[in-house]
Amino acid sequence: MNQFSGLSPQHWQLEARNDGILILSLERKDTSVNTLCQAVLNELDGLLERMAFAPPKGLIIRSTKKAGFIAGADIAEFAEFDAKGTVLDAISNGQNIFQRIAELPCPTVALIHGHCMGGGTELSLACSARVASNDASTRIGLPEVKLGIYPGWGGSVRLPRLVGAPAAFDMMLTGRALSGKAARAIGLVDAVTAPDLMVNKAVEFIEHGVNRPFKQKATAWLSNSWLARQILPGVLTKQVARKARKAHYPAPYSLIDTWRRSGGMPVRAALKQEGYSVAKLAQGPTARNLTRIFFLMERLKSLGGKEHGIAHVHVIGAGVMGGDIAAWCALRGFDVSLQDREMQYIQPALDRADTLFAKKVKDETKRAATRARLQADVAGDGVGKADLVIEAIFENLEAKQALYAALEPKMKPNALLVSNTSSIALDTLGAKLSHPARFAGLHYFNPVAMMPLVEIVRHAGMAAETERRLAAFCRSIDKLPVPVAGTPGFLVNRILAPYMQEAILAFSEGIPGRAIDKAALDFGMPMGPIELVDTVGLDVAASVGKIMAEFHGQTLPDTLQVTPGKRGKKDGEGLYKWVDGKTVKPDLAKDYKAPDDLQDRLVFALLNEAVSCLHQGVVSDAELLDAGVIFGTGFAPFRGGPIEHIKAIGREPALATLKSLENKYGARFAPKAGWDAL
């Protein structure tokens with residue numbers, strides 16, 4: 001330990017064993033998780049410099065945090081580097097420090113327990129070997145692509161050379177995290193063992209070395225050969241193109257191309273290519289917007305705290321939404337009772353729940369316990385036991401108010417009552433309640449298992465504590481809460497309605513649905529609006545659309561008239577035909593050319609309403625509005641949200657486009673109040 005005299009690291013702990021092996025433990029000061037900020041990295045650099053001159057017999061790197069190994073780079077710090085123009089310097093610094101680990105004249109072993117993401121995985125890749133714990137919490141990943149970049153501290157260089165290009169690209173292009181067992185299967189880690197045996201296994205590797213299977217070595221060499229780098233990029237690019245356009249998400253394409261060019265280079269030369277490429281991406285609009293979305297997500301996660309006082313959830317209405325809400329709550333650990341008029345209405349929901357549980361819970365014992373938490377309750381006995389009662393019946397004001405009148409006398413004194421209404425104003429809905437302070441809207445989105453957003457819908461008589469408890473509950477079921485005003489349509493449906501109605505109007509004018517959907521997809525939407533109408537159902541779209549059309553002072557397009565047996569995907573026919581759950585879209589004529597302003601019609605209908613919502617205080621600020629629309633509709637994430645997109649366009653050019661559309665299509669495109677404040 002003499003070589004470390006004079007050093008007083010704040011974030012690293014040193015332990016010298018009697019056998020000459022040094023254990024270096026990361027305990028980042030004043031945080032619950034380890035992230036690699038520059039202070040942590042620079043301390044590590046100083047320690048590694050001393051080790052290089054007086055190397056130990058071996059080095060073990062681990063975390064003392066209960067949460068896990070290392071969560072990755074400090075993203076807030078990288079946003080600061082971007083603002084200062086020092087991104088490349090920060091990337092090069094991290095690369096150089098990790099290369100110091102790789103060049104130490106002694107064996108090095110990373111012990112991975114709990115989360116190991118991004119920069120944490122890259123640090124481990126610089127070590128001679130990796131040992132993962134067999135704990136269920138252990139997850140190893142490189143999720144940088146979700147931030148519009150790719151691993152830039154050596155991960156994209158080292159991983160393909162360790163596990164082979166196919167397995168490496170599967171990790172890096174998807175951002176998927178692996179369990180210890182799965183990581184062992186591809187050769188990412190060299191052993192998986194119980195947490196309390198990890199040090200012993202690391203010592204074994206230091207004493208005797210690591211003997212990797214010949215198959216892994218051969219795969220790694222062959223898949224990185226010159227020939228492989230001529231063939232594989234084309235295959236990978238086609239796979240990526242099916243999910244992401246290069247103009248929208250350049251990082252995957254840049255990753256593939258950089259590997260193609262530098263895969264055969266010495267490590268230091270390849271690192272230089274990686275650094276330049278990642279720095280360029282990090283300073284581009286996609287990465288900046290995706291990083292912004294990361295912080296928006298963190299903000300939503302922080303709402304409400306952790307305590308909600310909810311153990312039992314009672315859901316009334318076993319339709320698609322109610323049944324799926326009930327199943328999701330049971331999956332996340334709550335006791336749930338599901339009520340409807342007769343068992344014949346509840347059974348399909350239970351069947352769907354079984355499908356969800358089979359997909360999400362692989363352990364049969366745990367799956368049985370999950371299923372046991374969800375109980376059919378025709379009689380409604382669960383109302384008196386519930387801490388949260390969720391109403392999810394059909395959209396009818398009188399029916400909902402009659403139900404509330406019957407429910408309130410049976411509910412526990414501190415229980416919350418919420419409605420999953422998608423469009424009815426909350427002040428109206430709760431006008432006859434005896435305890436309006438404990439009433440709110442809790443609006444989920446379909447499909448419940450996939451859509452991350454839940455709107456917490458306010459009204460004048462709602463208590464602040466009700467909102468706080470509901471936000472905490474949303475986080476406990478892994479959803480993102482956004483508080484919104486209780487106006488018709490709330491936030492997401494109100495903003496989406498003009499966009500959808502404009503698509504239907506264009507369709508009724510004879511513009512093919514495929515062309516309309518293509519215009520939206522070209523903008524970056526996850527699904528075209530015509531296909532979306534069919535997916536949610538023309539009956540649902542017409543019901544919500546009628547309310548929103550009246551609110552906007554418009555007439556519902558005739559195309560949204562509902563014909564029995566032609567309600568969309570659920571009937572196999574709507575605006576499109578559906579076969580095996582997939583659309584059958586008629587091909588466009590070869591000489592067909594969509595109107596030049598088609599995309600603008602769709603997008604600016606949405607943007608105009610977003611400005612109006614912000615002006616009227618439907619949400620408290622632009623960040624919450626952007627977050628709600630992105631997580632509630634899938635609005636092109638790389639554009640950062642409606643308000644951020646307007647800023648990118650520029651207010652005056654955006655207003656000029658609206659004026660042009662107003663002159664051509666009428667008053668529905670007149671700029672709404674709020675543009676002057678942008």
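**Figure 1. Surroundings of L300 in helix 13 of the predicted model.** L300 has a relative accessibility of 0% and therefore counts as buried. The residue belongs to helix 13, which spans residues 285–302. Apart from neighbours within four places in sequence, the contacts of L300 are R475, L480, P481, V482, L624, A627 and F631. One of these contacts is V482; the C-alpha atoms of L300 and V482 lie 6.8 Å apart, although 182 residues separate the two in sequence.

**Figure 2. Surroundings of K400 in helix 17.** K400 is part of helix 17, formed by residues 397–407. With a relative accessibility of 0%, K400 counts as buried. Beyond neighbours within four places in sequence, K400 is in contact with E391, I393, F394 and E395, and also with S419, T421, I424 and L429.

**Figure 3. The open sheet of 6 strands and its edges.** The strands of this open sheet follow the order 1-2-3-5-7-9, and their pairing is mixed. Strand 1 (12–16) and strand 9 (191–193) are the edge strands; each has a single partner strand, so one side of each lacks a neighbour in the sheet. From one strand to the next, the twist averages 20°. Strands of a sheet pair through backbone hydrogen bonds, in either a parallel or an antiparallel sense. Strand 7 (residues 129–133) and strand 9 run parallel and are joined by 3 bridges.

**Figure 4. V192 in strand 9.** V192, a residue of strand 9, is the bridge partner of A132. The relative accessible area of V192 is 33%, so this residue is classed as partly exposed. Leaving aside neighbours within four places in sequence, V192 is in contact with A132, S133 and N134, as well as with G180, K181 and R184. A separation of 48 Å lies between the C-alpha atoms of V192 and K412, which are 220 residues apart along the chain.

**Figure 5. Strand 10 and its pairing with strand 11.** Strand 10 comprises residues 312–316, and 5 of its 5 residues are buried, so the strand is largely enclosed by the rest of the structure. In a regular strand, side chains alternate between the two faces of the sheet. In strand 10, H312, H314 and I316 point one way, whereas V313 and V315 point the other way; all are buried. Strand 10 pairs with strand 11 (residues 335–339) in the parallel sense, over 5 bridges. Within this pairing, V313 stands opposite V336 of strand 11.

**Figure 6. Buried residues of helix 3.** Helix 3 (residues 87–102) contains 16 residues. From its first C-alpha to its last, helix 3 reaches 23 Å, close to the 22 Å expected at 1.5 Å a residue. The buried residues of this helix are V87, A90, I91, G94, Q95, I97, F98, Q99 and I101.

**Figure 7. Crossing of helix 22 and helix 23.** The axes of helix 22 (residues 529–536) and helix 23 (residues 538–551) come within 5 Å and cross at roughly 100°. Angles of 65 to 115 degrees count as roughly perpendicular, and helix 22 and helix 23 are therefore roughly perpendicular to each other. Helix 22 contributes V533, D534 and V536 to the contact, and helix 23 contributes L538, D539, V540 and A541. By class, the residues of this contact are 5 nonpolar and 2 charged, with no polar residue.

**Figure 8. Backbone geometry at P447, D478 and F490.** Most residues other than glycine have a negative phi, and most peptide bonds are trans. The peptide bond from N446 to P447 is cis, its omega being near 0°. P447 is located in the loop between strand 15 (439–444) and strand 16 (453–457). D478, a residue other than glycine, has a positive phi near 65°. D478 occupies the loop between helix 19 (464–476) and strand 17 (480–484), and its relative accessible area of 43% makes it partly exposed. F490, likewise not a glycine, has a positive phi of about 55°. F490 lies in the loop between strand 17 and helix 20 (492–508); with a relative accessible area of 0%, F490 is buried.

Technical notes
Residues numbered from 1 in each chain as written. Predicted model: local features only at pLDDT ≥ 70, side-chain atom pairs only at ≥ 80, totals over all residues. Heavy atoms only, no water. Pairing = 2+ DSSP bridges. Helix = DSSP H or I, 4+ residues; strand = E, 2+ residues; numbered from the N terminus. Axes fitted to C-alpha atoms, helices over the stretch in contact; angles between N-to-C directions. Parallel < 35°, antiparallel > 145°, perpendicular 65-115°, else oblique. Contact = heavy atoms within 4.5 Å. Nonpolar A, V, L, I, M, F, W, Y, C, P; charged D, E, K, R; others polar. Buried < 20%, exposed > 50% of the residue type's maximum accessible area, 1.4 Å probe, protein only. Expected span 1.5 Å × (residues − 1).
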